[in-house]
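Here's a quick walk through one protein model, written for someone who likes to check things against the coordinates. Have the viewer open and follow along.

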Amino acid sequence: MKVYDEDLAICGQIQHGWSLEARSIDPSPLPLYVWNERSHKGLLDRGQDGHVIGAPFLYGGFESIEHEMSTCSLLAFPDHSTVGCRYEDRYKAAEDYAKWLNEIRKTEGFTQVSVVLHYNDYFDYTTSSVFNRYGLAPITCGSPLGSVDYLQRTAELMCKHSVITSNVTGTAIFYACYLKKLAFVGGPIPNRVTLNGSTELASKEVFDPEWTKEHFPSLYCKLNEAKLNYEIGCKELGLEHKKVPFKLWDIMQMAYMKPA
């Protein structure tokens, strides 16, 4: 919105990652600000208040980033566990994915393979050490937790690598598509254990390769079949709903929140 005021806060919640559904665990505070028409329709169907404004990623101007790119480099975004749906075996999840990446590196001749880990996984030695052992470079974009430059760092990393991959259909893949990067979905998906009484927002379908093949056939493919999918990135990030600053200001409900 081109407004710089540390005391100005948003009244409501913004969808922070791609999903088939966008909803709130706690109905307060509302409204919800979501990415695309699918998420907006889901809100309306549940009787929740909300607006569709496109993904925050669209407002960063990241498509104009200029960086020297390694012409034979792979950037991987393995799906991460959540509080409500943890990995059944954290070590095995990392080991299986590292082996898969290492095999691709050998067969495809990548000179550099980097693995972007969630904040919690990066600082868990059980997970990050596995990738180090295979000569894969673990990275995190979200440290410290809540870093305001998270999206900038993610976009810069993508621009520096020639190919982007993830083992699930999700946020990182659609960012890559929007940035006009070669991107594909593949690799082992870890088993998860849902905690009793937890509320899990992750859509189960995205962890099913058959679902991805059906709904995003151009993304679920082998490396040599990967291609540009800019239109998919635009649709899933909600580019058609991106607002100019003054329109966004009119939509967002803002308030001054003075620090205690």
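What follows covers the cores, one enclosed helix, the strand pairings and a few spots on the surface. Keep in mind that this is a predicted model.

**The cores**

Start inside. The largest nonpolar core is made of 34 residues. Within that core, the residues with the most contacts are Trp 18, Phe 57, Met 158, Leu 179, Leu 219 and Leu 237. Four elements give it two or more residues: α5 (150-160), α6 (171-178), β10 (182-185) and α8 (230-237). Of these, α6 gives the most, with 7 residues.

Leu 179 is a good residue to click on. Once you skip its neighbours within four places in sequence, Leu 179 is in contact with Phe 57, Phe 62, Glu 63, Ala 155, Met 158 and Cys 159. Two of the names in that set, Phe 57 and Met 158, are also listed among the residues with the most contacts inside the core.

There's also a second, separate core of 20 residues, including Ala 98, Leu 101, Leu 136 and Ala 226.

**Helix α6**

Why does α6 count as largely enclosed by the rest of the structure? Because 7 of its 8 residues are buried. Those buried residues are Ala 172, Ile 173, Phe 174, Tyr 175, Ala 176, Cys 177 and Tyr 178. They pack against α5, β9 (163-166), β10 and α8.

Just past the helix, in the loop between α6 and β10, sits Lys 180. Lys 180 has a positive phi of about 60 degrees, although it is not a glycine. It is also exposed, with a relative accessible area of 52%.

**Strands and pairings**

Now for the strands. β7 (residues 112-116) is mostly covered, since 4 of its 5 residues are buried. Strand β5 (residues 73-76) pairs with β7 through 4 bridges, and Ser 73 has Gln 112 as its bridge partner in β7. β7 is also joined to β8 (residues 137-139), through 3 bridges, with Val 115 standing opposite Pro 138 in β8.

Elsewhere, 3 strands form an open sheet in the order β2-β3-β4, with parallel pairing. The edges belong to β2 (13-14) and β4 (50-52); each has a single partner strand, so one side of each is left without a neighbour in the sheet. In the pairing of β3 (residues 32-34) with β4, Val 34 stands opposite Val 52.

Here are three of the strand pairs side by side:

| Strand pair | Bridges | Direction |
|---|---|---|
| β5 and β7 | 4 bridges | parallel |
| β7 and β8 | 3 bridges | parallel |
| β3 and β4 | 3 bridges | parallel |

**The start of the chain and the surface**

Back to the beginning of the sequence. Met 1 lies in the segment before β1 (8-10), and so does Lys 2. Is Lys 2 buried or exposed? Lys 2 is exposed, with a relative accessible area of 66%. Its phi is near 65 degrees, a positive value in a residue other than glycine.

Met 1 has a relative accessibility of 30%, so it counts as partly exposed. The cut-offs behind that label are under 20% for buried and over 50% for exposed. Together with Val 3 and Trp 249, Met 1 forms a nonpolar patch on the surface, and the three have about 250 Å² of accessible area together.

Conventions:
Residues are numbered from 1 along each chain as its sequence is written. This is a predicted model: local features need pLDDT of at least 70, side-chain atom pairs count only at pLDDT 80 or more; totals for chains, interfaces and linings use all residues. Side-chain values use heavy atoms; hydrogens and water are left out. A nonpolar core is a set of buried Ala, Val, Leu, Ile, Met, Phe, Trp, Tyr and Cys residues joined through side-chain atoms within 4.5 Å. Buried means under 20% relative accessible area, exposed over 50%, partly exposed in between (1.4 Å probe, protein chains only). Contact means heavy atoms within 4.5 Å. Patches are made of residues with over 30% relative accessible area and no salt bridge: like charges are joined within 9 Å, nonpolar side chains (Val, Leu, Ile, Met, Phe, Trp, Tyr) within 5 Å. Accessible areas come from the Shrake-Rupley method with a 1.4 Å probe; for residues, only the protein chains shown count as cover. A salt bridge is a side-chain nitrogen of Lys or Arg within 4 Å of a carboxyl oxygen of Asp or Glu. Two strands pair if DSSP finds at least two bridges between them.
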